[in-house]
Number of protein chains: 2
Amino acid sequence: MFSHTVEYALRAVAALAEDWERPHAVQKIADRTKMPNDYLAKVMQSLCRAGVVNAIRGRHGGYQLAQAPDKLTLLMVINAVDPIKRIERCPLGLPGHGPNLCPLHRRLDDAIRETENAFRYTTLAELLTSTGPVRPLCPVDQPPAFINVAL
Amino acid sequence: MFSHTVEYALRAVAALAEDWERPHAVQKIADRTKMPNDYLAKVMQSLCRAGVVNAIRGRHGGYQLAQAPDKLTLLMVINAVDPIKRIERCPLGLPGHGPNLCPLHRRLDDAIRETENAFRYTTLAELLTSTGPVRPLCPVDQPPAFINVAL
DNA sequence: ATTAAGGTGGACAAAAATGTCCGATTGAAA
DNA sequence: TTTCAATCGGACATTTTTGTCCACCTTAAT
């Protein structure tokens, strides 16, 4: 239901959120989150242009969150790379009808609105603390030690 | 958030639901719902294989719903052409961890589940009757007369 | 039987999403 | 000041999605 790009962007900011006041190189993030390095580079550029992260260029540079994790929502991240579009009018191309949607598109838009809200009110900080002793990117019941040392 | 294919499939069955015991030619449905004829033909084939609609071949043939509108849900239609996939496990490719999802994917899967449920419990019949004097595919406050004669 | 209306399915084209590569530029550290 | 690790951004390749075309089969009506 969500594009790869969205998934990547969310993984990346989740990784950044764990240590958000220092820059992290794309390559580190990519290793940590198991995604294609060069594609992530593009995604990070989008996040940067949207103001979700800051880029620090030059040696020892990288990306860091532009704001504290509790100020950034999942929706901001998603909209930065692949905006959720509400259905404003019946997409049948008929001119001149009002703001009403037909029953079908009313349902679709309701679903979209609910999804939007779910992400609007979830901050990155909640990914860090939500279910107790669980890391933001991976469960720990089978401790994947190597994932916790990377960053 | 939803693919064109899903949108097309839903429009098509919404159109069929209005008069569901007779077959309707692909071309009629395509005109009625303003979508590419030949692409709709493919979508209808998917719906047919999935058992959502029946095909009647030969002259005066077409497609009709396989069941009464109150027996068919939006989810059935969606899953027939572009299945909604829940997140079963953390997609980082790590072996051997349990059924827990990390906080991020827990949120994503929650959103997917809610969407799934919204569509699981909405039948095609509800598109016909839901908001009173509104046609399933288009609002009527500016009566689009030509749309009501087509089928 | 012939014809016309209709679905079937394969092949193909176009567009969008995803993924890869690399030279240019930046800035901190040696 | 030179070097090196990093982002920047353009070009390109691949894959998936979307859209088009057409020859063929099926069926009802004439």
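Here are some questions and answers about this predicted model, with its protein chains and DNA strands.

Q: What is the mean pLDDT of chain A?
A: Let's start with how far the prediction can be trusted along this chain. In chain A, 81% of the residues reach a pLDDT of 70 or more. The mean pLDDT of chain A is 87.

Q: Over which residues of chain A is the pLDDT below 50?
A: One stretch calls for some care. Where pLDDT is low, the predicted coordinates should not be read in detail. The stretch in question has 30 contacts in the model beyond near neighbours in sequence. The pLDDT is below 50 over residues 139–151 of chain A.

Q: Which element gives the most to the surface near DNA strand D?
A: Of the 25 residues around DNA strand D, those that come nearest are A:Ala55, B:Ser3, B:Pro36, B:Gly58 and B:Arg59. Two or more residues each come from helix H3 (37–49) and strand E2 (62–65) of chain A, and from helix H1 (4–17) and helix H3 (37–49) of chain B. With four residues, the element that gives the most is H3(A).

Q: How many residues of the surface near DNA strand D are charged?
A: The residues here divide into three classes. Nine are nonpolar and 10 are polar. The charged residues number six.

Q: Which element gives the largest share of the surface near DNA strand C?
A: Around DNA strand C there are 25 residues, and A:Ser3, A:Pro36, A:Gly58, A:Arg59 and B:Ala55 come nearest. H1 and H3 of chain A give two or more residues each, as do H3 and strand E2 (62–65) of chain B. The largest share, four residues, comes from H3(B).

Q: How far apart are the end C-alpha atoms of H3(A)?
A: H3(A) has 13 residues, and at 1.5 Å a residue they should span 18 Å. The distance in the model agrees with this: the end C-alpha atoms are 19 Å apart.

Q: What arc do the buried residues of H3(A) cover around the axis?
A: The buried residues of H3(A) are A:Leu40, A:Val43, A:Met44 and A:Leu47. They lie on the same side of H3(A), because the arc they cover around the axis is only 105°.

Q: Which residues are exposed on the other side of H3(A)?
A: Think first of the buried residues, whose cover includes helix H1 (4–17), helix H2 (26–33), strand E1 (53–56), E2 and helix H4 (74–81) of chain A. On the other side of H3(A), the exposed residues are A:Asp38 and A:Arg49.

Definitions and conventions
Residues numbered from 1 in each chain as written. Chains lettered and ligands numbered in written order. Predicted model: local features only at pLDDT ≥ 70, side-chain atom pairs only at ≥ 80, totals over all residues. Near = placed C-beta within 6 Å. Nonpolar A, V, L, I, M, F, W, Y, C, P; charged D, E, K, R; others polar. pLDDT = per-residue confidence, 0-100. Contact = placed C-beta atoms within 7 Å. Expected span 1.5 Å × (residues − 1). Buried ≥ 20, exposed ≤ 12 C-beta atoms within 10 Å, placed from the backbone. Arc of directions from axis to C-beta.
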